[in-house]
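Take a walk through this model with the coordinates open. The route goes from a loop, through a charge pair, to a charged surface.

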Amino acid sequence: MLLVVTYSRAARRSLRNACRTHEDCVVRRFGRAVLLEASVFGAFLALRLRADHGGDVQVERTRPLNEFEDIPEEVREAATAYADRDHPSTPYAKFAAGTDHPDPDAMKAREL
């Protein structure tokens with residue numbers, strides 16, 4: 001998919017108009033940002049906006065995250081355990097200390 005983010009009122013207006021006109025290319029809208037289908041036409045719409053508004057339009061290519069292929073099992077388990085913790089105000093570092101859950105600094109240092 002293509003992520004298009006706008007940073008000016010004029011660019012947002014153009015994005016909104018493009019999305020209304022070409023709804024079939026829009027995967028999801030987020031106000032000043034939109035996910036477009038990864039098609040040549042989606043790229044055309046994104047580049048057209050950038051041509052009109054220059055640096056007020058950011059275009060990034062995204063790909064879906066498959067958590068079962070891309071994320072280690074211990075991280076998935078830690079996320080589930082942390083979501084089910086007894087005290088919602090406990091920070092993750094304190095929650096993980098003394099357990100088998102991965103250290104937050106170690107996770108920050110690892111790339112997916």
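Start in the loop between α4 (73-83) and α5 (92-96), where Thr-90 is found. The model is predicted, so read every value here as computed from that prediction. Is Thr-90 buried or exposed? Its relative accessible area is 18%. The cut-off for buried is under 20%, so Thr-90 counts as buried. Which residues does Thr-90 touch, not counting those up to four places away in sequence? They are Tyr-82, Arg-85 and Phe-95.

Stay in this loop for another residue. His-87 also lies between α4 and α5. Its relative accessibility is 54%. Exposed means over 50%, so His-87 counts as exposed. Now pick Pro-72 as a reference point. His-87 and Pro-72 are 15 residues apart in sequence. Their C-alpha atoms are 25 Å apart in space.

Next comes helix α4 itself. Glu-73 lies in this helix. At a relative accessible area of 48%, Glu-73 is partly exposed. Compare its place with that of Ala-97. The two residues are 24 positions apart along the chain. Between their C-alpha atoms the separation is 18 Å.

Glu-74 is in helix α4 as well. Here the topic turns to charge pairing. Side chains of opposite charge can pair when their charged atoms come close. How many salt bridges does a search of the whole structure find? It finds one. The side chains of Arg-110 and Glu-74 meet in a salt bridge, at 3.4 Å from N to O. Arg-110 sits in the segment after α6 (104-109), while Glu-74 belongs to helix α4, so the pair ties together parts that are 36 residues apart in sequence. Consider the accessibility of each partner. Arg-110 is partly exposed, at 48% relative accessibility. Glu-74 is partly exposed too, with a relative accessible area of 36%.

Now move to the positive charges on the surface. Which residues form the positive surface patch? The members are Arg-9, Arg-12, Arg-13, Arg-16, Arg-20, Arg-29 and Arg-32. Which element gives the most to the positive patch? Helix α1 (residues 9-21) does, with five residues. Take Arg-9 as one example from the patch. It lies in helix α1. Its relative accessible area is 66%, which makes Arg-9 exposed. A patch residue must have over 30% relative accessible area, so Arg-9 clears that cut-off at 66%.

Arg-32, another member of the patch, leads to the last stop. Gly-55 lies in the loop between α2 (40-53) and β4 (57-61). Gly-55 and Arg-32 are 23 residues apart in sequence. In space they are 14 Å apart, C-alpha to C-alpha. Is Gly-55 buried or exposed? With a relative accessible area of 71%, Gly-55 is exposed.

Notes
Residues are numbered from 1 along each chain as its sequence is written. This is a predicted model: local features need pLDDT of at least 70, side-chain atom pairs count only at pLDDT 80 or more; totals for chains, interfaces and linings use all residues. Side-chain values use heavy atoms; hydrogens and water are left out. Patches are made of residues with over 30% relative accessible area and no salt bridge: like charges are joined within 9 Å, nonpolar side chains (Val, Leu, Ile, Met, Phe, Trp, Tyr) within 5 Å. Accessible areas come from the Shrake-Rupley method with a 1.4 Å probe; for residues, only the protein chains shown count as cover. A salt bridge is a side-chain nitrogen of Lys or Arg within 4 Å of a carboxyl oxygen of Asp or Glu. Lys and Arg count as positive and Asp and Glu as negative; His and the chain ends are not counted. The place of a charge is taken as NZ of Lys, CZ of Arg, CG of Asp or CD of Glu. Helices (H or I, at least four residues) and strands (E, at least two) are DSSP runs, numbered from the N terminus. Buried means under 20% relative accessible area, exposed over 50%, partly exposed in between (1.4 Å probe, protein chains only). Contact means heavy atoms within 4.5 Å.
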